[in-house]
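Got your viewer open and a selection box ready? Here is a walk through one chain, stop by stop.

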Amino acid sequence: MSGPAASATKEAFVPYGQGRARGLGASSLGRHGIQMDDLMALGLPVVPGLTVPLPEAESLCEPAVARRAVELVESLTGRRVGGEDRPILLRLVASAPVPVAGLPPDVACLGLSLANLPQLTAAIGRDRDLFDAWATTLRSLGEHALGVPAEELEEVLLDHTDRRERAEALLAAIAEHGERSFPADPAEQLSLAATAMLARWATPRARRARRTQLLPDDLGLALHVQALRIGPWERSGHGTAGSRDPETGGFRPTGRFFRGVRHSAGTPHEGEPLEALPGGSGALLEHALMTLERHGRGMATVEYEIRDGEPALLSAQIERRPNAHVTVRLAHDLVGAGAMSPRAAVRSVDPGHVQELLHPQLRLTGDERMLVRGLPASPGAASGQVVLSSARAVELAAGGTPVVLMIAETTPADVPGIVAASAVLTTNGGLASHAAVVARGAGRPAVCGASALTVDSAAGTATVGDLVIEEGDVVSLDGRTGMVYLGAAGVRAARPPAELTALLGWADDARRLGVRANADNAPDAEKAFELGAEGIGLCRTEHQFLGPRLGLIREVILAGDEAGRQAALAELAKAQHEDFLELLAVVGDRPVTVRLLDAPMHEFLPAPGEAGSKEQEERAAALREINPMLGVRGVRLAVLHERLYPTQADALFSAWAELARDGIRPRLEVMVPLVSLPEELALAARQVRAAADEIAARTGVTVPYRLGSMVETPRAALLAGRLAEHAEFLSFGTNDLTQLTYGFSRDDIERRVLVPYAELGLCTTSPFATLDPDGVGALVEIAAERARAVRPGIKLGLCGEQGGDPESVALCERLKLDYVSCSPQRVPVARLAAAHACASEESEESGESGESGESRGGRS
């Protein structure tokens, strides 16, 4: 070919590595062409080849143009297609300018014919690889380029099992039923391959597939002609490899090696480990993967070929969503290699990955039988024998038997059973229910609100439809997904890599928002500090009366006269003093927010028939409420029992004074719960101050403390300015604030309403899991503005469980709260989420977002 036509054709071909130099992008070269340019720019070995750009792709269907492409590939490689000395064959590959599923499959072994088959077989050392690959090519080109009916080709494949006979029969079928015989000339084969590939891309089925991906019907293809080098079987092959061990996350090339000529993906049980790679190709492949990781700042995966011990890359990509172990260790390694800054490493790790690393997970095989699905109330996974009562859970767990506590709903009396169990499953309740809160605090996986399950503790059974579960049967529970399975499933223990500690340290350096923990006792506080909490943002003093101490608070509530009440308060003070000594000793010089008693009556009153006397039964019956979450609780109980809060404050301040003599001086914050009236807060403040004055007079120690209020009611949020006249800090209790803003019961609404609401698209996320930015978040924003207007330096925090939710943390950052507080197990998640949120705010302020600071506030 010569003259102007030859020149024009030559310009249409772009050898790998030259596209960017010519100013061409993906719209011309396709994604594969760009990728090969990038690999060559990194100095990595790639398979020799060229690109026919999108505008000229159809020209490759012309034999003359295809011949020029063959000649150019031969020039690039210094080898002849089908030649006797160092032969090559060709492969045709397609790529689009954008990511798309359903690309036509590669066409390999172009240039193979019966005439050159013997010498190519001799070069490889066996013929099966060539025949298998050639049969695939003959089948594709026969149907899509030469008009052979598909059923004729299918019959050949079914009728012939011998590889050589199958290829010869396919050639005969093409000659008999096709538009012409299959050509021996490599250029003619390449033109047919281009015809077949573009024909498959243009079928109605392929066009429909593109429409489902919101891509244009006429989306074009770039075609890529690659050299398929032929070499000895024992020193040649192909495969895929990734740069990271998926189990440990460490850098280690993993994958499989398949000997022979690549024409289709190998099945998982085929192939050999990468250690079987011939010659020094393993070291070269490892170098390529490390180079790609550092350049792409992510886990690299490659497709490769090896011929005569020489590796060449066919494709490469950076995995953007590897598993948690890989993500964390990769980020750490890239910082160590100088390829990524610590802040960029923090941004590269999703907070959900941290959650995944800190909790056990089920090893599912796909053969498990689902028992029921509920709400994912506390992350983690466990298998164990079913028990239907807390007492039974404590009994069996003491003997070393893992148990799953299956119960309708829990009360404070069930806390020992929750702590003893490996996991908790309730039929009632939601993400803010008693079982969920206690399980999260204790680090136990829990699924709540599994309403399809019915528990009959008297009969010792539970049922789902016609299926009956008895005590002793084994179930497996996933608190991250809400799934519960029959039988024992494998459990993968939590194995956070050591690199996570460094990553979270970088997150701490990057964040503004403080992270505290909700902890009610010394063991919970110790765990919280191990996980990086800066203090205790919520100590729920009512939780100190769960289990064996439940009777102390009941005696206060049910006392028949003032003498009995004072005696009960004295016992309560003694118990509280002991608890505070243990807790404050662990807290050290950190801040600790102690919430005074908030005891909903339904959680603390005895069940009918369980009170200690007839008189107490009568008093308990009189105190039971229709809607106890809106009844006599929080500061309201203290107003009605005027010595309650002073007694608690006395126990707290006396414990602090005792520890202060040993140099332990926690930063105390005393918090009044469920305030709706500024006058309630003023009354409680007087009581607390009086207790502090009494301690000073008795011990000579003036206890430093801040006094603050929970903001749990919409009215408190709206009157936050007036509350700030008495409060030095405000803490948003978003579980109750969400409940009262929506009018949703935190115990019932999720399983009964939010699931169907989600199905209807009315409510996509539970507001008890993620802070509602438009309603509850707006109240928080109003409260913050009004409180700061009265007391500019007021400290503002959030201590609902949303404090461990990344989206909620981001909202708290935008509202410039001072800290969030969450269950100990979620502290690392909150630390990373706070760093992400701070980075997002910095991006917006630098102009990457068009929003103003005013419009950002309070909106997610």
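## A pocket to begin with

The lining of the second largest pocket splits by class into 14 nonpolar, eight polar and eight charged residues. Keep in mind that you are looking at a predicted model. To get there, select Pro376, Arg480, Ala769, Asp805 and Arg826, which of the 30 lining residues lie nearest the pocket's centre. Next, colour helix H13 (351–358), strand E13 (375–378) and helix H29 (749–759): these are the elements that give two or more residues to that lining. The space in this pocket comes to about 760 Å³.

## Zoom out

Now show the whole chain as a cartoon. You have 33 helices and 31 strands to look at, on a C-alpha trace that spans about 110 × 60 × 45 Å along its principal axes. Colour by accessibility, and buried residues account for 56% of the 860 residues.

## The barrel

Select strands E24 to E31. Together they form a closed barrel of eight strands, in the order E24-E25-E26-E27-E28-E29-E30-E31, with parallel pairing. Going round, the twist from one strand to the next averages 25°.

For a close-up of one seam, pick E28 (residues 705–711) and E29 (residues 729–732), a parallel pair joined by four bridges. Which residue of E29 is the bridge partner of Val711? Click on Phe732 and you have it.

While you're at the barrel, follow the chain out of strand E27 (667–672) towards helix H25 (678–699) and stop in the loop between them, where Leu674 sits. Check its backbone: phi is near 55°, a positive value in a residue other than glycine. Is Leu674 buried or exposed? Its relative accessibility is 2%, so Leu674 counts as buried.

## A closed space

Rolling a probe the size of a water molecule over the atoms shows where empty space is left. Turn on cavities and look for six of 30 Å³ or more. The largest cavity holds about 380 Å³ of space. To centre on this one, select Val437, Arg540, Arg595, Asn735 and Arg746, the closest to its centre among the 28 residues that line it.

Three elements give two or more residues to this lining: helix H16 (434–442), strand E25 (536–540) and helix H28 (734–742). E25 is one you have already met, as a strand of the barrel. H16 gives the most, with four residues. By class, the largest cavity is lined by seven nonpolar, nine polar and twelve charged residues.

## Following H16 to its strands

Keep H16 selected and add strands E16 and E17. The chain crosses from E16 through H16 to E17 in a right-handed β-α-β crossover. E16 and E17 (residues 446–448) run parallel, with two bridges between them, and Val424 stands opposite Ala446 in E17.

Step back along the chain and you find another such unit: E15, helix H15 (residues 415–420) and E16 make a right-handed β-α-β unit. E15 (residues 403–407) runs parallel to E16 and is joined to it by four bridges. Look across from Leu425 in E16 and you land on Met406.

Now show side chains on E16 (residues 423–426). In a regular strand the side chains alternate between the two faces of the sheet. Here Ala423 and Leu425 point one way, Val424 and Thr426 point the other way, and all are buried.

## An antiparallel sheet

Strands of a sheet pair through backbone hydrogen bonds, either parallel or antiparallel. For the antiparallel kind, select E6 to E10. They make an open sheet of five strands in the order E8-E7-E6-E9-E10. At the edges are E8 (272–273) and E10 (310–319), each pairing on one side only.

Zoom in on the E8 end. E7 (residues 251–258) and E8 run antiparallel and are joined by two bridges. Phe257 has Glu272 in E8 as its bridge partner.

## Last stop

Finish in the loop between helix H9 (204–212) and strand E5 (222–229), and select Leu214. Phi of Leu214 is near 60°, a positive value in a residue other than glycine. Why does Leu214 count as exposed? Its relative accessibility is 78%, and the cut-off for exposed is over 50%. Flip back to Leu674 for the contrast: that leucine counts as buried, whereas Leu214 counts as exposed.

Conventions: Residues are numbered from 1 along each chain as its sequence is written. This is a predicted model: local features need pLDDT of at least 70, side-chain atom pairs count only at pLDDT 80 or more; totals for chains, interfaces and linings use all residues. Side-chain values use heavy atoms; hydrogens and water are left out. On a 1 Å grid over the protein atoms alone, a cavity is a set of points where a 1.4 Å probe fits but cannot get out, and a pocket is an open set with protein on both sides within 12 Å along at least five of seven lines; lining residues have an atom within 4 Å of a point. Grid points are joined across faces, edges and corners, and a volume is the space filled by probe spheres set on the points. Ala, Val, Leu, Ile, Met, Phe, Trp, Tyr, Cys and Pro count as nonpolar, Asp, Glu, Lys and Arg as charged, and the others, Gly among them, as polar. Two strands pair if DSSP finds at least two bridges between them. Axes are lines fitted to C-alpha atoms, for helices over the stretch in contact, and angles run from 0 to 180 degrees between N-to-C directions. Buried means under 20% relative accessible area, exposed over 50%, partly exposed in between (1.4 Å probe, protein chains only). A crossover is right-handed if, with the strands pointing away from the viewer, the path from the first strand over the helix to the second runs clockwise.
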